[in-house]
Amino acid sequence: MTGLDPSLLRELQADPTDPEAVWEELLRRGWSDGLPVIPPTPERVAQMLGGRDPSQVHVTLGPEGNEATLARIAANAVMAGCRPEYLPALLVALDLVGRNGGMAFANSPAAPMLVFNGPVRGELDINCSYEMLSMTSRANATLGRAVRLVLANVGGAKVGRLFDVQHGMPGRASMVFGEFEEESPWEPHSVAAGLAPGRSAVTLFLATGSMPVNYHQVPQRASELLLILSRCLDYVRGNRIGPTPDTGGPVVVLSPKHARAFSKDGWTKEQLEAALTDAVNQHWDIELEAHREKLELINRGLDPADPRMGQPKPEGPATVLVAGGLAGWHSMIVPTLAWGAPVTAPID
């Protein structure tokens, strides 16, 4: 395919050779996220598609089931600054987002956090190490941004159409990194999720923020690091109190040095995930007076034959990943939403 039928895209009124005019037009139309964009000309969109059928519907998004055709996805990928070789990874990521309609990200202070495994990290130059979440590489910055633009421009996740989102969060711009498999003492997350070793993959998490974990002691002791991680998980545990907790299982992103400290003391990743899951699920039955009253009102409205609602025990295991720079003694906890479990898919 050498060109793209312009009827599949809305024509730009601004001169595509004038980047500022294009940006101003897209801001007026509500198509930009506030940052400058690459003009999505038919020629650029055709190059992004790489011969794929532009009219093919890849995924539906939003409560109205809006159709994300390949042409619309490619146009948003162009605007985000993606390279054409990023499109296969972007399509898999959007498929995972579409499994929950994409609205978990639209109606809550959450972002689609994409974690890549396998050869795709090197092929696309996805940062796994220093400042991986600072959008210091093109792939990390633009893949997440493309997902965000598709959610907004196709799924309808825009200001004015959202509800119950008081503050948002900066990770909505892009929250993408690769697991640092080469520096991990354990198998990659994609393998733990059931894929073959060496397979390119992406995992989608419903991230609600990030929390640094500091442990600078020498020598490193796994028991002390576990204590610090457990204390930091109090934040996640606190947000699980109530009849309808929103917080899911945390993602614990260990720096390579912290991961080696656990491995040196004989910990497997499975053992560590089990210990962290136990830690975050402690004190789940704490009841506040307001929650007691809410449960009473809920039960009062139920049919007498229906079972009574009680304080639910939170579910969702902790997930351990290894990523980050090699020099420091910092790790990171990423709280997640309870509305969807992490999902992993291969990238062909």
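**Exercise 1. Decide whether Ser255 is buried or exposed.**

Step 1. Recall the cut-offs: buried is under 20% relative accessible area, exposed is over 50%, and partly exposed lies in between (1.4 Å probe, protein chains only).
Step 2. Ser255 has 2% relative accessibility, so Ser255 counts as buried.
Step 3. Place the residue: Ser255 lies in the loop between β7 and α11. Helices (H or I, at least four residues) and strands (E, at least two) are DSSP runs, numbered from the N terminus.
Step 4. List its contacts (heavy atoms within 4.5 Å). Beyond neighbours within four places in sequence, Ser255 touches Val322, Ala323, Gly325, Gly328, His330 and Ser331.

The model is predicted: local features need pLDDT of at least 70, side-chain atom pairs count only at pLDDT 80 or more, and totals for chains, interfaces and linings use all residues. Residues are numbered from 1 along each chain as its sequence is written, and side-chain values use heavy atoms, with hydrogens and water left out.

**Exercise 2. Describe the sheet that contains β7, and find the helices on it.**

Step 1. Write the strand order: β6-β9-β7-β8, an open sheet of four strands with mixed pairing. Two strands pair if DSSP finds at least two bridges between them.
Step 2. Name the edges. They are β6 (211-214) and β8 (319-322), each pairing on one side only.
Step 3. Give the twist: it averages 25 degrees from one strand to the next. Axes are lines fitted to C-alpha atoms, for helices over the stretch in contact, and angles run from 0 to 180 degrees between N-to-C directions.
Step 4. Add helix α11 (residues 256-264). It packs on the sheet and touches β6, β7 (251-254), β8 and β9. Its direction makes about 95 degrees with that of β7.
Step 5. Add helix α12 (residues 269-280). It lies across β7 and β8, at about 130 degrees to β8.
Step 6. Check one pairing. β6 and β9 (residues 330-334) run antiparallel, joined by four bridges. Asn214 stands opposite His330 in β9.

**Exercise 3. Place Val202 in its sheet.**

Step 1. Find the strand: Val202 lies in β5 (residues 201-207).
Step 2. Find the sheet. Four strands run in the order β4-β3-β5-β10, open and with mixed pairing. The edges are β4 (176-178) and β10 (343-346), each pairing on one side only.
Step 3. Look at one partner. β5 and β10 run antiparallel and share four bridges. Ala201 stands opposite Pro346 in β10.
Step 4. Compare positions along the chain and in space. Val202 and Val343 are 141 residues apart along the chain, yet their C-alpha atoms are separated by 8.4 Å.
Step 5. Check burial: Val202 has a relative accessible area of 0%, so it is buried. Its contacts outside four places in sequence include Leu96, Phe116 and Val343.
Step 6. Add the helix: α4 (residues 87-98) lies across β3 (111-117), β5 and β10, at about 40 degrees to β5.

**Exercise 4. Classify the aromatic pair.**

Step 1. State the rule. Rings of Phe, Tyr and Trp (its six-membered ring) pair if their centres lie within 6.5 Å; planes under 30 degrees apart count as stacked, over 60 as edge-to-face and the rest as tilted.
Step 2. Count: the rule gives one aromatic pair.
Step 3. Apply it. The ring centres of Phe262 and Trp267 are 5.7 Å apart and the planes stand at 75 degrees, so the pair is edge-to-face.
Step 4. Check exposure. Phe262 is buried at 0% relative accessible area, whereas Trp267 is partly exposed at 22% relative accessibility.
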